[in-house]
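Reader: I should like to understand how the descriptive terms applied to this model follow from computed values. Please set each term against its definition.

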Amino acid sequence: MFSFEGRVAVVTGATGTLGTAIARGLGDAGARVVVLARHPDRVSAASEALREVGVDAVGCVADVVDVQSLRAARDSLAEPWRSVDILVTCAGGNLPAATVPAEAALSELPVGAFRSVVDLNLLGTLLPVLVFGESMQVAPPGRDRSIVTVSSMAAERALTRVGGYGVAKAAVESLTRWLAVEWARRGSGIRVNAIAPGFFVAEQNRALLYEQDGSLTERGAAILAHTPAGRFGNPEDVISTVIWLCSPGSRFVTGTVVPIDGGFSAYGGV
């Protein structure tokens with residue numbers, strides 16, 4: 001039920017912290033993995049690292065906010081890799097320029113950076129879904145086909161300083177539900193769900209969570225105080241949920257958002 005032998009999985013943002021873990025997890029479960037990201041050197045290194053541990057992997061360079069780039073990347077794949085069964089859209093994140101300084105007036109909100117964050121996360125989810133969704137619709141009959149998008153705790157609960165990111169992820173959740181409904185109504189057999197990770201340490205947020213001496217920042221300490229599990233997430237914590245959502249074990253599950261957050265979303269702070 002949870003084996004992906006003979007299936008092709010495309011993971012966007014597969015060179016990032018969570019994307020790397022998910023690509024490895026799907027590969028360990030038997031999938032042939034397409035590592036898709038913008039930077040050729042990182043794509044090459046990530047796909048080579050997967051092959052070194054026995055995963056059948058290829059690299060694919062594309063910009064997730066450029067539909068022509070995505071189509072060219074898809075069409076460049078060799079024939080056995082073009083029948084896509086699984087798509088996980090990990091590309092996204094916040095941008096430093098869109099992080100509002102703690103003491104700044106809201107009138108100083110960098111609108112251009114706000115727009116860039118929305119494009120990166122919302123269009124960076126929608127466009128790969130549209131492009132690789134074409135390949136998923138021509139997969140052999142009877143195969144379970146699944147798309148997993150990536151949301152965030154910022155979609156459900158307002159987080160200070162990262163408003164653009166929260167808005168974008170809330171839109172990703174709405175998009176996920178809409179795609180799930182539309183594809184189900186058309187009898188495509190494609191399911192669409194989202195995961196909503198809690199707080200995981202990555203290069204783009206490390207400075208917000210840790211001081212240079214390794215101690216927690218005020219923000220990092222506040223997050224852990226509101227996370228019943230008492231720790232930040234490890235990349236491996238997302239793998240089994242993604243595998244379940246991509247497998248026939250969840251064949252009656254579509255249009256959902258699954259939090260992977262150590263209880264952050266359940267805790268009222270009391």
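Author: The answers below take the sheet, then the helices, then single residues.
Author: This is a predicted model, in which local features need pLDDT of at least 70 and side-chain atom pairs count only at pLDDT 80 or more, while totals for chains, interfaces and linings use all residues. Residues are numbered from 1 along each chain as its sequence is written, and side-chain values use heavy atoms, with hydrogens and water left out.

Reader: What makes β4 and β5 a pair of strands, and in which sense do they pair?
Author: Strands here are DSSP runs of E with at least two residues, and helices are runs of H or I with at least four, numbered from the N terminus. Two strands pair if DSSP finds at least two bridges between them. Strand β4 (residues 86-89) and strand β5 (residues 145-150) have 4 bridges in the parallel sense, so the definition of a pair is met. Within this pairing, Leu87 has Ile147 as its bridge partner, and Ile86 stands opposite Ser146. Strand β1 (residues 8-12) also pairs with β4 in the parallel sense over 4 bridges, with Val88 as the partner of Val11.

Reader: Why are β3 and β7 described as edges of the sheet?
Author: The open sheet has 7 strands in the order β3-β2-β1-β4-β5-β6-β7, with parallel pairing. β3 (57-61) and β7 (257-260) each have a single partner strand, so one side of each lacks a neighbour in the sheet. From one strand to the next, the twist averages 20°.

Reader: Which residues of β4 point each way, and how do you know whether they are buried or exposed?
Author: Buried means under 20% relative accessible area, exposed means over 50%, and partly exposed lies in between (1.4 Å probe, protein chains only). Ile86 and Val88 point one way and Leu87 and Thr89 the other, and all are buried. In a regular strand the side chains alternate between the two faces of the sheet.

Reader: Why are α4 and α6 called roughly parallel?
Author: Angles run from 0 to 180 degrees between N-to-C directions, with axes fitted to C-alpha atoms, for helices over the stretch in contact. Angles under 35 degrees count as roughly parallel, over 145 as roughly antiparallel, 65 to 115 as roughly perpendicular and the rest as oblique. Helix α4 (residues 111-137) and α6 pack at about 20°, with their axes 7 Å apart; they are therefore roughly parallel to each other.

Reader: What is the position of α6 on the sheet?
Author: Helix α6 (residues 163-185) touches β5, β6 (190-197) and β7, and its direction makes about 160° with that of β6. Helix α9 (residues 239-246) lies across β4, β5, β6 and β7, at about 165° to β6.

Reader: How do you know whether Ala168 is buried or exposed?
Author: Ala168, in helix α6, has a relative accessible area of 0% and is therefore buried. Contact means heavy atoms within 4.5 Å; leaving aside neighbours within four places in sequence, Ala168 is in contact with Val117, Val118 and Asn121.

Reader: What class of exposure does Arg161 have, and why?
Author: Arg161 has 30% relative accessibility, so it counts as partly exposed. Arg161 is found in the loop between α5 (153-156) and α6, and has a positive phi of about 80° although it is not a glycine.
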